[in-house]
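Colleague: Before using these assignments at the bench, I should like to hear the reasoning behind each of them. May we take them in turn?

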Amino acid sequence: MKRRYAPLYATLGLFIVTVITFFTLNGRVFPNLDLMTVIWVYLAIDIALFATLIWGLLTKDRIIKIYTLLATIGLMIPLSIWIFLLLLANGISEA
């Protein structure tokens, strides 16, 4: 494994973690799961994606910068929208 591709591997790993958490953090697998716990897990993944974005942009290879930028932004935008919707649902259920 070459060290210069590490931001791409990290982005791919975070994508796999996001898909796994999306399908496992629900009421069928964990019936007594609090919604704020799910929000914190997704927020941690989003922060990790942001750190991977910065890590990828600090590399010297231009192709790595472009692919990391596109992949990370492509993952962060839907995940941030999902976090916002979960926060909205949590606010409605708490009221």
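Colleague: What makes R4 and D61 a salt bridge?

Modeller: The model is predicted, and the answer rests on a computed distance. The closest N and O atoms of R4 and D61 are 3.8 Å apart. The cut-off is 4 Å between a side-chain nitrogen of Lys or Arg and a carboxyl oxygen of Asp or Glu, so the pair qualifies as a salt bridge. This pair links distant parts of the chain: R4 lies in the segment before α1, and D61 lies in the loop between α2 and α3, 57 residues apart.

Colleague: How many salt bridges does the structure hold?

Modeller: The structure holds one.

Colleague: Why is R4 called partly exposed?

Modeller: The relative accessible area of R4 is 44%. Partly exposed is the class between the 20% limit for buried and the 50% limit for exposed, so R4 belongs there. Its partner D61, with 25%, is partly exposed by the same rule.

Colleague: How do you know that T11 is buried?

Modeller: Its relative accessibility is 4%. Buried means under 20%, and therefore T11 counts as buried. T11 is placed in helix α1, residues 6-24. Leaving aside neighbours within four places in sequence, T11 is in contact with T52, T68, A71, T72 and L75.

Colleague: What does the side chain of T11 reach?

Modeller: The side chain of T11 reaches the backbone oxygen of P7, at 2.8 Å. The limit for a polar contact is 3.5 Å, and the distance lies within it.

Colleague: How do you know that the span of α2 agrees with the expected one?

Modeller: Helix α2 has 23 residues, which at 1.5 Å a residue should span 33 Å. The end C-alpha atoms of α2 are 33 Å apart, so the two values agree.

Colleague: Which residues of α2 are buried, and against what do they pack?

Modeller: The buried residues are V38, I39, Y42, I45, D46, L49, T52, L53 and G56. The buried residues of α2 pack against α1 and α3.

Colleague: What makes I39, in helix α2, a buried residue?

Modeller: I39 has a relative accessible area of 4%. That value is under 20%, so I39 is buried. Not counting residues up to four places away in sequence, I39 touches I83, L86, L87 and N90. I39 and L85 are 46 residues apart in sequence, and their C-alpha atoms are 9.8 Å apart in space.

Colleague: How many aromatic pairs are there?

Modeller: The count comes to two aromatic pairs.

Colleague: Why is the pair of F22 and F23 called edge-to-face?

Modeller: The ring centres of F22 and F23 are 5.3 Å apart, and the planes stand at 75°. Centres must lie within 6.5 Å for a pair, and planes over 60 degrees apart count as edge-to-face; the pair is therefore edge-to-face.

Colleague: What makes F22 and W82 an edge-to-face pair?

Modeller: The rings of F22 and W82 are 5.5 Å apart, centre to centre, with 70° between the planes. The distance is within 6.5 Å and the angle is over 60 degrees, so this pair is edge-to-face. It links F22 in helix α1 with W82 in helix α3, 60 residues apart. Ring pairs link F22, F23 and W82 into a cluster.

Colleague: Why is F23 called exposed?

Modeller: F23 has a relative accessible area of 56%, and exposed means over 50%, so F23 is exposed. F22, at 40%, is partly exposed, and W82, at 33%, counts as partly exposed.

How values were computed:
Residues numbered from 1 in each chain as written. Predicted model: local features only at pLDDT ≥ 70, side-chain atom pairs only at ≥ 80, totals over all residues. Heavy atoms only, no water. Helix = DSSP H or I, 4+ residues; strand = E, 2+ residues; numbered from the N terminus. Buried < 20%, exposed > 50% of the residue type's maximum accessible area, 1.4 Å probe, protein only. Polar contact = N/O pair within 3.5 Å; in protein donor to acceptor, adjacent residues only side chain to side chain. Contact = heavy atoms within 4.5 Å. Expected span 1.5 Å × (residues − 1). Phe/Tyr/Trp six-rings, centres within 6.5 Å; stacked < 30°, edge-to-face > 60°.
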